[in-house]
Amino acid sequence: MKEIGVLLFPVSVACIRDVRTGKIPNILILIIMAMGMGLGMWNHGLAGAIEYIVRFSVYIAAAYPLYGIGAVGAGDVKLLAGIEGCFVWTEGVVCLGWILAAAGALALVKWMISGRKATFPMSVPMLIGLTIHLLWLG
């Protein structure tokens, strides 16, 4: 499923916008959702688009508590759900693992350099994790 690599462009744009402004525009989330549903339909017909919506909803529900405690922003939750919804469940969990590993590595490096709590836009490890996952998939 190499066509999923098209996600890198809107996720990169979202990452750049998040780094510059601290916000991820909803239009980018809608583009990613449309691409995810389109990829689902391309591969599995209408059922693929419905599966995308279900996966997107589950990831929103799973990540919402992080927003609730202030660990991430609402745009981060939507971006994560948009990315993860594009993968079948097992691939999505692996991609999430890469994203979390990238977030941990970035936090560790930033903490080692500054000596204090590391904060950074979560879209950065999302882009890094997605890229690693797509390279891993081949």
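**Entry 1: V11**

I began with V11 and listed its contacts, leaving out residues up to four places away in sequence: V11 touches I32, L79, I83, L127 and L130. I note for the record that the model is a predicted one.

I then looked up the largest nonpolar core, which has 31 residues. V11 is among the members that touch the most other members, together with I4, L79, I83, F87, M126 and L130. I asked which helices supply at least two residues of this core. I found that α1 (8–21), α2 (26–44), α3 (46–68), α4 (74–84), α5 (89–114) and α6 (123–137) each do so.

**Entry 2: the chain as a whole**

I recorded six helices and zero strands for the protein chain. Read from the N terminus, the order of elements is α-α-α-α-α-α.

I checked the overall dimensions next. The C-alpha atoms fill a box of roughly 50 × 30 × 25 Å along the principal axes. The radius of gyration is 15 Å, and this agrees with a compact globule because one of 138 residues would have a value near 14 Å.

I also noted how the contacts are spread along the sequence. Of those between residues at least 6 apart, 63% join residues at least 24 apart.

**Entry 3: surface and charge**

I looked up burial for the protein chain and found that 36% of its 138 residues are buried. The accessible surface comes to about 7700 Å², and carbon and sulfur atoms account for 73% of that surface.

For the charges, I noted 9 positive and 6 negative ones, and their mean positions are 14 Å apart.

**Entry 4: Y52**

I located Y52 in helix α3. Is Y52 buried or exposed? I entered Y52 as buried, because its relative accessible area is 0% and the cut-off for burial is under 20%.

I listed the contacts of Y52 without its neighbours within four places in sequence: I32, M33, G36, M37, A81, G82, G85 and C86. I32 had already appeared in my list for V11. I also took the C-alpha separation of Y52 and I16, which are 36 residues apart in sequence, and found 25 Å.

**Entry 5: M122**

I placed M122 in the loop between α5 and α6. Its relative accessibility is 19%, so I entered M122 as buried, given that the class takes values under 20%.

Which residues does M122 contact beyond its neighbours within four places in sequence? I found D18, V72, D76 and A103. M122 and V77 are 45 residues apart in sequence, and I noted 9.3 Å between their C-alpha atoms.

**Entry 6: R116**

I found R116 in the loop between α5 and α6, where I had also placed M122. R116 has 59% relative accessibility and therefore counts as exposed, the threshold for that class being over 50%.

I compared the position of R116 with that of K78, 38 residues away along the chain, and the C-alpha atoms are separated by 28 Å.

**Entry 7: K110**

I found K110 in helix α5. How is K110 classed by relative accessibility? At 35%, K110 counts as partly exposed, because that class lies between the limits of 20% and 50%.

Setting aside neighbours within four places in sequence, I listed G115, A118, T119 and F120 as contacts of K110. F120, ten residues from K110 in sequence, has its C-alpha atom 8.9 Å from that of K110.

**Entry 8: summary of the residues looked up**

I closed by setting the accessibility values together. Y52 stands at 0%, M122 at 19%, K110 at 35% and R116 at 59%.

Methods:
Residues are numbered from 1 along each chain as its sequence is written. This is a predicted model: local features need pLDDT of at least 70, side-chain atom pairs count only at pLDDT 80 or more; totals for chains, interfaces and linings use all residues. Side-chain values use heavy atoms; hydrogens and water are left out. Helices (H or I, at least four residues) and strands (E, at least two) are DSSP runs, numbered from the N terminus. The radius of gyration is taken over C-alpha atoms; the globule rule is 2.2 Å times the number of residues to the power 0.38. Buried means under 20% relative accessible area, exposed over 50%, partly exposed in between (1.4 Å probe, protein chains only). Contact means heavy atoms within 4.5 Å. Accessible areas come from the Shrake-Rupley method with a 1.4 Å probe; for residues, only the protein chains shown count as cover. Lys and Arg count as positive and Asp and Glu as negative; His and the chain ends are not counted. The place of a charge is taken as NZ of Lys, CZ of Arg, CG of Asp or CD of Glu. A nonpolar core is a set of buried Ala, Val, Leu, Ile, Met, Phe, Trp, Tyr and Cys residues joined through side-chain atoms within 4.5 Å.
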